[in-house]
Amino acid sequence: MPEVSLVLRSTRVVTPEGIRPAAVAVAGERIAAVLPYGAELPRGAGVEDVGDHAVLPGLVDTHVHVNDPGRAEWEGFPTATRAAAAGGVTTLVDMPLNSLPPTTTVPHLRVKQDAARGRVHVDVGFWGGALPDNTGDLRALHEAGVFGFKCFLSPSGVPEFPELDREGLTASLTEIAGFGGLLIAHAEDAAALAGAPHRAGPAYADFLASRPRDAENDAVRTLVDAARRTGGRVHVLHLSSSDALPLLARARAGGLRVSAETCPHFLTLTAEEVPDGATEFKCCPPIRERANQDALWQALADGTVGCVVSDHSPCTADLKTPDFATAWGGISSLQLGLPAVWTEARRRGHGLDDVARWMSTAPAELAGLGTKGAVAAGRDADFAVVAPDEAFTVDPAHLHHRNRVTAYAGRTLYGVVKATWLRGRRIAGAGSTGQPTGRLLERNH
Ligand SMILES: [Zn+2]
């Protein structure tokens, strides 16, 4: 065993083999071994015994909009990554849009990396973007280390990031399949959205009617078809419509490389409870009805949906006008995803091992982050130390993201993050230095 510098001990360590008492031996930045709780400890190692607090693998959030540079007043690297660390997230992958420039060429990627370098509290990687006019840039971006390519099938909300039509989708996915890459897609169909009723105002029911399930279902069908025709690998982002689940299940059973994620807000908030004018609950696709939520939980349980990631997408508070038609869409939850999901998961009889699989292991696998996503020998020593039975009430004043607007304000959640460790160093909780020790990640590095 390499020289062990730290031993983290708990009666509830969440390992790939289940939850058990263990002593996690850390050598430098990596986990050297997961030992029995009572094992004789290596001489000279610092011992951190967290008792009955659970030790989870650091969360991997592959869906975060940092917006820096260009719209850093919405969210920036220091604030987003501090919120991540406070929420038990040790790795995030930044979405290619809402920053200026968007991450759609190699020079643009370099601008983003320069904005992040030395300013991040967790490890950060980057998605690229697939636009109608940048197919020729995708391979170079892939080789420069982006983790895959995001596209839209309907307007993205920002003019510099146009959506793909059917031909554009085929062209992009054919190119991406040619180098073994991954396409991640915002699945709402432009024609279905255009045909939906649009009534402005503060009523949530009107907003919900303007983003119908069929828009998602049609887009998922389009993506499954594109995966079949091109052989490309496709991941459906932020799935809300449970009607699309059978399509996804059939595609996977048929051997297509199609995966899906959902988000804490779809799993914990319902359309029935959104107050009129409360546009902190606005996101696209939207939060749907309670019965829809039950079906999403079932899809997590049966594996049709593998990942739960935040889609943290903030803006300045003034853009959250009380009119659902014009307010910026996006829910800020980077710091709260773990307790939000855990609160509902425990009520539904799931364990912390399920939560770790959905929020750490599966997203790490999606992005090919081989050293992340598990408390196991050889992995990075990234941990979230959590008091699972301790509750707190969400106070926006305690959030670290730049604009402290959140749909979770006032909610009581279980699961207090006591400390977060990144590659063997404490980055949140008592004893953390507050220094930005995160690293910029590239695919396969
Ligand atoms: Zn998003």
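# Exercises on a predicted amidohydrolase-related model

Across residues 55-426, helix makes up 33% of the chain and strand 17%, while the C-alpha atoms at the two ends lie 13 Å apart. Helices (H or I, at least four residues) and strands (E, at least two) are DSSP runs, numbered from the N terminus. UniProt lists this stretch, residues 55-426, as "domain: Amidohydrolase-related" in an unreviewed entry; UniProt positions follow the numbering used here, feature names are shortened, and annotations may be inferred rather than shown by experiment. Residues are numbered from 1 along each chain as its sequence is written. The model is predicted: local features need pLDDT of at least 70, side-chain atom pairs count only at pLDDT 80 or more, and totals for chains, interfaces and linings use all residues.

## Exercise 1: the three-stranded sheet

Work out the strand order of the open sheet of three strands, then find residues that face each other across it.

**Solution.**

Step 1. Start with pairing, where two strands pair if DSSP finds at least two bridges between them. The order is 6-7-8, with parallel pairing.

Step 2. Look for the edges. Strand 6 and strand 8 are the edge strands, each pairing on one side only.

Step 3. Add the twist, which averages 20° from one strand to the next. Axes here are lines fitted to C-alpha atoms, for helices over the stretch in contact, and angles run from 0 to 180 degrees between N-to-C directions.

Step 4. Now zoom in on strand 7 (residues 89-94), which is joined to strand 8 by four bridges. Thr91 has Asp123 of strand 8 as its bridge partner, and Asp94 stands opposite Phe126.

Step 5. Check the two faces of strand 8 (residues 123-126). In a regular strand the side chains alternate between the two faces of the sheet. Asp123 and Gly125 are on one side, Val124 and Phe126 on the other, and all are buried. A residue is buried if 20 or more other C-beta atoms lie within 10 Å of its own, exposed if 12 or fewer, and partly exposed in between, with C-beta atoms placed from the backbone.

## Exercise 2: helix 1 and its surroundings

Decide how far helix 1 is enclosed, and name what its buried residues pack against.

**Solution.**

Step 1. Count the buried residues: nine of the ten in helix 1 qualify, so the helix is largely enclosed by the rest of the structure.

Step 2. List them: Phe77, Thr79, Ala80, Thr81, Arg82, Ala83, Ala84, Ala85 and Ala86.

Step 3. Find their partners, using contact, which requires C-beta atoms, placed from the backbone, within 7 Å. The buried residues pack against strand 6, strand 7, helix 2, strand 8, strand 16 (412-422) and strand 17 (425-428).

Step 4. Step just past the helix, where Gly88 takes a positive phi of about 85°.

## Exercise 3: a loop with unusual backbone

Describe Val66, Asn67 and Pro69, then look for similar backbone features elsewhere.

**Solution.**

Step 1. Place Val66 in the loop between strand 6 (59-64) and helix 1 (77-86). Val66 counts as buried because it has 33 C-beta neighbours inside 10 Å.

Step 2. Beyond its neighbours within four places in sequence, Val66 is in contact with Glu75, Gly76, Phe77, Ala80, Asp94 and Ser99.

Step 3. Recall the general rule: most residues other than glycine have a negative phi, and most peptide bonds are trans.

Step 4. Turn to Asn67, in the loop between strand 6 and helix 1. Its phi is near 70°, a positive value in a residue other than glycine. Asn67 is also buried, because 25 C-beta neighbours lie inside 10 Å.

Step 5. Pro69 lies in the loop between strand 6 and helix 1 as well. A cis peptide bond joins Asp68 to Pro69, with omega about 5°.

Step 6. Search further along. Leu100 and Pro101 are joined by a cis peptide bond with omega about 0°, and Pro101 is in the loop between strand 7 and helix 2 (106-116). His238 has a positive phi of about 30° although it is not a glycine; His238 sits in the loop between strand 12 (233-236) and helix 8 (245-253).

Note on methods: Two residues are in contact if their C-beta atoms, placed from the backbone, lie within 7 Å.
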